Amino acid sequence: MAIKAVRGVRDILPVETGRWQRVEAAGRATFEAYGYREIRLPLFERTELFARGIGDETDIVKKEMYTFEDRGGDSLTLRPEATAGLVRAYIEHGFQVEPKPVRLYTIGPMFRYERPQAGRYRQFHQANVEALGEPSPAVDAEVVCMLMDFFRALGLEDRLALHVNSIGDAGDRAAYVARLVEYLAPHASSLCGECQARLGRNPLRVLDCKVPECQPVIEKAPSILDSLSAASAQHFDHVRGYLDAMGQAYTVTPRLVRGLDYYVRTTFEVKTTQLGAQDAVAGGGRYDGLIERLGGPADPGIGFAIGLEREAALQRLMPVARAARRAGVITELGYGARKLPRELERANKLGVAYAVIAGDNELAAGEAVLREMKTGEQRRVPFARLADELQALRSQEVSA
Ligand code: HAM
């Protein structure tokens, strides 16, 4: 029997590489225009780097790392993200003597043992950007605006929303966590099993639980913004002031706490409603204290990572839908939020004549499945011909 690729890991085939090159080139051009330089980092590091850097209690470190012992008996881990490794390199090569901020970016694969689904893989790719050594809130705004410039360069910014928040310093957060636990404890029985466990281990994580039964409780939770110290609150005010001055629109989302423990003060995420549950296309924040915790100087830092798979999927489907609409075909995108049978059920209810189905395999092959809803008949059509094909079917229908 032929051996297949590992679950959650996929080949990027020649039909797709052009799109990947365009996305990467847009990243490089945008980051370099702001003075960021490329650094290339190893794909594996000592396990301890991630445990100490990302946090022992995070989902990433607890359940998602590819950890192995090498032949010399060292515990090594395939990098689940780039920030810890980049900070390790910053310290190891004495970057702290360079003029601040030290601006660096890196692009490449990351590895997390997550349940694979649309937009979520076990090997995925990030463009990762970090500004190290500068405490000013102006850098926070620079980094966020650069991220949005990247999406603008790809023509995607209209479909994306920027969410910003401040989670304060360690002291602010401890005070907030105490308030949060006090609020959540009496509601524990209304929370999902996972959140009940989080309540003891890492209560902040309850705030970004996606399970519907938890939402009514989460919605009424106290806001972290009310627990900020004067210094953190002022920092956040300044970040917002700079974003306003640059004309960058954003939403303040107090529940945005992120999944890695190194963040302090500013956190942010870029989301789309168009990829189903995996709606974050980029995320980041400030991590003052991390460099010191990993054995370096007390230099602050801030950065973000863009999930490149999620860029690529959006880029493939949206132009097809647009071309079909321009050709006069009424087209609605499902965006993969539901499983296929549910999506088809919904299409039936809407009275749709034809459904276009494109999962990871179809995207990789450059073809979509075209299904006639009435008969259930299906055939494969290359993406390039899809809009024309739909238009032809429509005129047949009209003339029939
Ligand atoms: P993160 O939020 O864990 O942050 O990941 C950033 C982005 O990577 C996500 O928004 C998503 O687009 C993408 N991503 C994450 N996991 C997967 C997956 N399994 N499959 C596909 N895409 C995925 C970080 O990694 C931080 N290191 C970002 C950062 C840099 N903060 C400061 N500097």
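**Figure 1. Arg-258 sits in a loop and has an unusual backbone angle.** In this predicted model, the loop between strand 8 and strand 9 holds Arg-258. Most residues other than glycine have a negative phi. Arg-258 is not a glycine, yet its phi is positive, at about 70 degrees. Arg-258 is also one of the residues that come nearest to the ligand.

**Figure 2. A cis peptide bond lies before Pro-101.** The bond joins Lys-100 and Pro-101. Its omega is about -10 degrees. Most peptide bonds are trans. Where is Pro-101 placed? Pro-101 belongs to the loop between helix 4 (83-92) and strand 5 (102-111).

**Figure 3. The ligand is surrounded by 27 residues.** Glu-81, Glu-114, Tyr-121, Arg-258 and Tyr-263 come nearest. By class, the shell has 11 nonpolar, 9 polar and 7 charged residues. Which elements give two or more residues to the shell? They are strand 6 (123-132), strand 10 (280-286) and strand 11 (301-307). Strand 10 gives the largest share, with 6 residues.

**Figure 4. Polar side-chain atoms approach the ligand.** Start with Glu-81: one of its polar side-chain atoms is 2.6 Å from a ligand nitrogen atom. Next comes Glu-114, where an N or O atom of the side chain is 2.7 Å from a nitrogen atom of the ligand. Gln-126 faces a ligand oxygen atom instead, with a polar side-chain atom at 3.1 Å. How much of the ligand's area does the protein bury? Alone, the ligand would expose 660 Å², and the protein buries 95% of that.

**Figure 5. The structure has 1 cavity of 30 Å³ or more.** Rolling a probe the size of a water molecule over the atoms shows where empty space is left. The volume of the largest cavity is about 30 Å³. Which residues line the largest cavity? Its lining consists of Leu-41, Pro-42, Glu-45, Arg-79, Glu-81, Ala-82, Gly-85 and Leu-86. Sorted by class, this lining has 4 nonpolar, 1 polar and 3 charged residues. Look for Glu-81 here; Glu-81 is also among the residues nearest the ligand.

**Figure 6. Eight strands make an open sheet.** Strands of a sheet pair through backbone hydrogen bonds, either parallel or antiparallel. Here the strand order is 1-5-6-11-10-9-7-8, and the pairing is mixed. Which strands form the edges? Strand 1 (37-38) and strand 8 (251-252) do, each pairing on one side only. Inside the order, strand 7 (residues 161-166) and strand 9 (residues 264-271) are antiparallel and share 6 bridges. One bridge pairs Asn-165 with Thr-267 in strand 9.

**Figure 7. Strand 3 and strand 4 form a hairpin.** Strand 3 (residues 66-69) runs antiparallel to strand 4 (residues 75-78), and 4 bridges join them. Glu-69 has Ser-75 of strand 4 as its bridge partner. The hairpin has 5 residues between its strands. Gly-73 in this hairpin takes a positive phi near 90 degrees.

**Figure 8. Strand 13 and strand 14 form a hairpin.** What joins strand 13 (residues 367-372) to strand 14 (residues 378-382)? There are 5 bridges, and the two strands run antiparallel. Val-369 stands opposite Arg-380, which lies in strand 14. Between the strands are 5 residues. In the turn, Gly-376 has a positive phi of about 75 degrees.

Terms used:
Residues numbered from 1 in each chain as written. Predicted model: local features only at pLDDT ≥ 70, side-chain atom pairs only at ≥ 80, totals over all residues. Heavy atoms only, no water. 1 Å grid on protein atoms, 1.4 Å probe; cavity = no way out; pocket = protein on both sides within 12 Å on 5 of 7 lines; lining within 4 Å. Points joined across faces, edges and corners; volume = space filled by probe spheres on them. Nonpolar A, V, L, I, M, F, W, Y, C, P; charged D, E, K, R; others polar. Near = heavy atom within 4 Å. Polar contact = N/O pair within 3.5 Å; in protein donor to acceptor, adjacent residues only side chain to side chain. Areas by Shrake-Rupley, 256 points an atom, 1.4 Å probe, with all protein chains shown as cover. Pairing = 2+ DSSP bridges.
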